[in-house]
Number of protein chains: 2
Amino acid sequence: MAQLSDSIEQFIKELMSDDAHIELRRNELAQHFGCAPSQINYVLATRFSVDHGYIIESRRGGGGYVRIVRMQNRGEKNFLETLLERVGTSIDEDTANAIISNLYERKMVTRNEALLLKAGVARNALALPVSAKDVLRAAVFRNMLIQVFRNIEEGKRDDV
Amino acid sequence: MAQLSDSIEQFIKELMSDDAHIELRRNELAQHFGCAPSQINYVLATRFSVDHGYIIESRRGGGGYVRIVRMQNRGEKNFLETLLERVGTSIDEDTANAIISNLYERKMVTRNEALLLKAGVARNALALPVSAKDVLRAAVFRNMLIQVFRNIEEGKRDDV
DNA sequence: TCTTTTGACCTTCTTTGACTATTATAGCAC
DNA sequence: GTGCTATAATAGTCAAAGAAGGTCAAAAGA
């Protein structure tokens, strides 16, 4: 039997067709496939992750949604993947700064954005034992990196 | 989908346009949107708080009203101090996001920068007990805020 | 063994309604 | 006219219900 997950993956990809992003209701989709809502999360996690070239955004509560953004540019997608791999689950400040400078040199972020990124991962921002700092820095940095690429990919929406 | 709260927020912002303040009738507005009057209070509380840069004044009884006042731009230096004070040593995500939106509305950061700031303070970036998250978020956020103002103040040099 | 599926429980955001508080005004006593 | 009082017209507060989506681990399949 064609796995449920595969069908859902297909379905979502057809929905997207040429669009760079779509928005869907998790529960609706689950109902459509007669499965548990968390099944959708599984599909997103295993087939629409960053290393598959997608970025997921969502919102809870009334009017909640799940938005799937496809990275258009293959190079960028691979680059982000590489960066996230490099960051891993722990990273020191110098390495993070090097990555940020590199992004700036490639003109993927403005100077101001680069400085903002550096501020976010700076030692003094993380008042914790050193080893914990690196772990935390990695977490914050990953999030910011993904946002950098989202900024690049996404058309200008006006919600901030 | 188009959240009621979002529509009301939009509506109010359009009403304001360039004015520094507007006055409205809570019940009238509620009726216009066919919702409970207290819904209006919810929108005001979540989208027009002081952190968002607004002050609400109101009066009950016959001829009552709700006045929404957009806060004046203080000197930048002073503003940074105020913000840092507000952040203190612990801040939750919603408050941080409100402040960021405010910076964006005041055109002190670009949209991309705002999104970057939000990514830096997002819940999911901080895999820790909630209370610890708030403390850490404050630290990271302070650092980024200072950078925002440094970006504004400093002439464009090209070293990063 | 590795992947998929499900379900119980959690967190976030929105909407509503019952109850409370405040203010202006009309009517009345003087 | 003045001062009180009742009433109507507002707005505020808070808790509960409703409407999403998230997480994690156990069960089920391949």
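How far is a base oxygen of DNA strand C from an N or O atom in the side chain of Ser38(A)? I looked this up at the start. The distance is 2.5 Å. I keep in mind that the model is predicted.

**Entry: chain A overall**

I counted elements next. Chain A has 7 helices and 3 strands. Along the sequence I read their order as α-β-α-α-β-β-α-α-α-α. I boxed the C-alpha atoms along the principal axes and got roughly 50 × 35 × 35 Å for chain A. Chain A has 160 residues, and 51% of them count as buried. I then took the contacts in chain A with a separation of 6 or more. Of these, 61% join residues 24 or more positions apart.

**Entry: DNA strand C**

I listed the protein around this strand. There are 28 residues surrounding DNA strand C. The closest are Ser5(A), Ser38(A), Tyr42(A), Arg59(A) and Arg59(B). Among the strand C atoms that come within 4 Å of the protein, sugar and phosphate account for 63%.

Which elements each supply at least two residues of this surface? I found α1 and α3 of chain A, together with α1 (4-16) and α3 of chain B. By class, I noted 8 nonpolar, 12 polar and 8 charged residues on the surface near DNA strand C.

I checked two arginines here. An N or O atom in the side chain of Arg60(B) is 2.9 Å from a base nitrogen of DNA strand C. A polar side-chain atom of Arg47(A) is 3.3 Å from a phosphate oxygen of DNA strand C.

**Entry: Arg47(A) and its helix**

I stayed with Arg47(A). This arginine is found in helix α3 of chain A. Is Arg47(A) buried or exposed? Its relative accessible area is 16%. The cut-off for buried is under 20%, with protein chains only in the calculation. Arg47(A) therefore counts as buried.

I looked for side-chain partners. Arg47(A) and Asp6(A) are joined by a polar contact of 2.4 Å between their side chains. Leaving out residues up to four places away in sequence, Arg47(A) touches Ser5(A), Asp6(A), Glu9(A), Tyr42(A), His52(A) and Tyr54(A).

Then I took the whole helix. The buried residues of α3(A) are Ile40(A), Val43(A), Leu44(A) and Arg47(A). Viewed down the axis of α3(A), these buried residues fall within an arc of 100°, so they line one face of the helix. An α-helix has 3.6 residues a turn, so residues three or four places apart point the same way. I also asked what this face meets. The buried residues of α3(A) pack against α1 (4-16), α2, β2 and β3 (65-70) of chain A.

**Entry: DNA strand D**

I repeated the search on the other strand. DNA strand D is surrounded by 27 residues. Arg26(A), Asn27(A), Asn41(A), Arg60(B) and Gly61(B) are the closest. Of the strand D atoms within 4 Å of the protein, 62% belong to sugar or phosphate and the rest to bases. The residues of this surface divide into 3 nonpolar, 16 polar and 8 charged.

I logged three polar pairs. A backbone N or O atom of Arg26(B) lies 2.9 Å from a phosphate oxygen of DNA strand D. A polar side-chain atom of Arg60(B) lies 2.9 Å from a sugar or linking oxygen of DNA strand D. For Arg60(A), a polar side-chain atom lies 3.2 Å from a sugar or linking oxygen of DNA strand D. Elements giving two or more residues to the surface near DNA strand D include α2 (26-32) of chain A and α2 (26-33) of chain B.

**Entry: the nonpolar core**

I moved to the largest nonpolar core. This core has 59 residues, and Phe141(A), Phe149(A) and Phe141(B) touch the most other members. Which element gives the most to this core? I found α7(A), with 9 residues.

I pulled the contacts of Phe149(A). Not counting residues up to four places away in sequence, Phe149(A) touches Met71(A), Glu76(A), Phe79(A), Leu80(A), Leu83(A), Leu103(A) and Met108(A).

**Entry: Arg86(B)**

I closed with one residue of chain B. Arg86(B) lies in helix α4 (residues 76-87) of chain B. At 42% relative accessibility, I logged Arg86(B) as partly exposed. A polar contact of 2.6 Å joins its side chain to that of Asp51(B). Beyond four places in sequence, Arg86(B) touches Asp51(B), Thr95(B) and Ile99(B).

Conventions
Residues are numbered from 1 along each chain as its sequence is written. Chains are lettered from A and ligands numbered from 1 in the order in which they are written. This is a predicted model: local features need pLDDT of at least 70, side-chain atom pairs count only at pLDDT 80 or more; totals for chains, interfaces and linings use all residues. Side-chain values use heavy atoms; hydrogens and water are left out. A residue is near a molecule or strand if one of its heavy atoms lies within 4 Å of it. A polar contact is a pair of N or O atoms within 3.5 Å; within protein, one must be able to donate a hydrogen and the other to accept it, and residues adjacent in sequence count only if both atoms are side-chain atoms. Helices (H or I, at least four residues) and strands (E, at least two) are DSSP runs, numbered from the N terminus. Ala, Val, Leu, Ile, Met, Phe, Trp, Tyr, Cys and Pro count as nonpolar, Asp, Glu, Lys and Arg as charged, and the others, Gly among them, as polar. Buried means under 20% relative accessible area, exposed over 50%, partly exposed in between (1.4 Å probe, protein chains only). Contact means heavy atoms within 4.5 Å. The arc is that of the directions from the helix axis to the C-beta atoms. A nonpolar core is a set of buried Ala, Val, Leu, Ile, Met, Phe, Trp, Tyr and Cys residues joined through side-chain atoms within 4.5 Å.
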